[in-house]
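The exercises below are meant to be worked with the sequence and the three-dimensional view side by side. Try each task before reading the solution that follows.

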Amino acid sequence: GVTIARMHEISTPWAPQGTFDGQTLLVLAPDSQEFASARETNAKYCTQMEVQMGKGSHYNMLQGEQAPVQAQLVHAFRKRLKEAPPPSLTSAASEGIAVVREGSGPCMYCLHGLDGDALGPAVALGPLPSMLEPCKVTAVLFDDEAFACETLNGLAELYMARIMKDWRASGERRLILVGQSVGAILSCLISLKLQQAGIRSALILLDSEVTWPPRSDQTCGYEWLGSEVEAALWLARLGD
């Protein structure tokens, strides 16, 4: 619950300051219509967003038989991306980055949700990363340095620096950011910063909005109930 408490502390109402012009995929979960407002919200900030309907609910879309459906949508999106520099050889992860799946294709950076990947790097994404050949799939770590950040913007700047270091060491391949829950907000914020720096990226948003607090997600932005209660609620939602 400590990580969730910290994420609540540094989170203030936020909306993208500008629009992201890179290619964006929003995967919606058909069994959770309460999250469907992400289509309308994200369209305001992502000018090249395509929307695909996945399988399952917001809470199990990355588990069991649902995961391969989402993986197919991600693969199809990756193949539609515009040409990028040719892939290079695989490389070791940079500090603050964990390699979840090695690959010689695009660099895919996964941004954690409200729990900060409490169960391990990208564990919340279930088997999805293992299905994304030939991508190099990595998770940006919510470590002590990240915990010390006092704002979402500060956290995004830290993560962007880590991503840039790893991306350049990997040969500056196609760069894709992936996020669910607060990870979608962080992904969008980082993508906007990359855009301002003249670096092209793509976004994959998993049934989530790019504003904080998201109006569709009742797990975010409400009155804090305390670390123990919040941890119990998070585990209960994880098992849905």
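**Exercise 1.** Decide whether Ser201 is buried or exposed, and describe its setting in this predicted model.

*Solution.* Begin with the accessible area: Ser201 has a relative accessible area of 2%, and because buried means under 20%, this residue counts as buried. Next, place the residue in the chain, where Ser201 is found in the loop between α6 (182-196) and β7 (202-206). Finally, list its contacts: leaving out residues up to four places away in sequence, Ser201 touches Phe20, Gly22, Gln23, Arg174, Leu175, Ser191 and Leu194.

**Exercise 2.** Work out how many helices and strands the protein chain has, and in what pattern they follow along the sequence.

*Solution.* Counting the elements gives 7 helices and 7 strands. Reading along the sequence then gives the pattern α-β-α-β-α-β-β-β-α-α-β-α-β-α. To complete the overview of the chain, note that buried residues make up 56% of its 240 residues, and that the chain exposes about 10,200 Å², of which carbon and sulfur atoms supply 53%. Among contacts with a separation of 6 or more, 80% are accounted for by residues 24 or more positions apart.

**Exercise 3.** Explain why strand β4 is described as largely enclosed by the rest of the structure, and identify the strands with which β4 pairs.

*Solution.* The first step is burial: β4 covers residues 107-111, and 5 of its 5 residues are buried, so the strand is largely enclosed by the rest of the structure. The second step is to follow the side chains, since Cys107, Tyr109 and Leu111 point one way whereas Met108 and Cys110 point the other way, and all are buried. The third step is pairing. With strand β5 (residues 136-140), β4 pairs in the parallel sense over 4 bridges, and within β5 the bridge partner of Tyr109 is Thr138. With strand β6 (residues 175-179), β4 again pairs in the parallel sense, over 5 bridges, and here Met108 stands opposite Ile176.

**Exercise 4.** Describe the surroundings of Met108, and find which residues line the largest cavity.

*Solution.* Met108 lies in strand β4, and at 2% relative accessibility it counts as buried. Apart from neighbours within four places in sequence, Met108 is in contact with Val74, Leu132, Cys135, Lys136, Val137, Thr138, Ile176, Val178 and Ile204. One of these, Cys135, is 27 residues away from Met108 along the chain, yet their C-alpha atoms are separated by 6.6 Å.

Now turn to the cavities: a search of the whole structure finds 2 of 30 Å³ or more, and about 50 Å³ of space lies in the largest. The lining of this largest cavity consists of Val74, Met108, Cys110, Leu125, Leu128, Pro129, Leu132, Val137, Val178 and Ile204. Sorted by class, the lining has 10 nonpolar residues, with no polar and no charged ones.

**Exercise 5.** Determine where Ile4 lies, and what distance separates its C-alpha atom from that of Leu114.

*Solution.* Ile4 lies in helix α1, which covers residues 2-10. At 5% relative accessibility, Ile4 counts as buried, because the cut-off is under 20%. The C-alpha atoms of Ile4 and Leu114 are separated by 5.7 Å, although these two residues are 110 residues apart along the chain.

Technical notes:
Residues numbered from 1 in each chain as written. Predicted model: local features only at pLDDT ≥ 70, side-chain atom pairs only at ≥ 80, totals over all residues. Heavy atoms only, no water. 1 Å grid on protein atoms, 1.4 Å probe; cavity = no way out; pocket = protein on both sides within 12 Å on 5 of 7 lines; lining within 4 Å. Points joined across faces, edges and corners; volume = space filled by probe spheres on them. Nonpolar A, V, L, I, M, F, W, Y, C, P; charged D, E, K, R; others polar. Helix = DSSP H or I, 4+ residues; strand = E, 2+ residues; numbered from the N terminus. Buried < 20%, exposed > 50% of the residue type's maximum accessible area, 1.4 Å probe, protein only. Contact = heavy atoms within 4.5 Å. Areas by Shrake-Rupley, 256 points an atom, 1.4 Å probe, with all protein chains shown as cover. Pairing = 2+ DSSP bridges.
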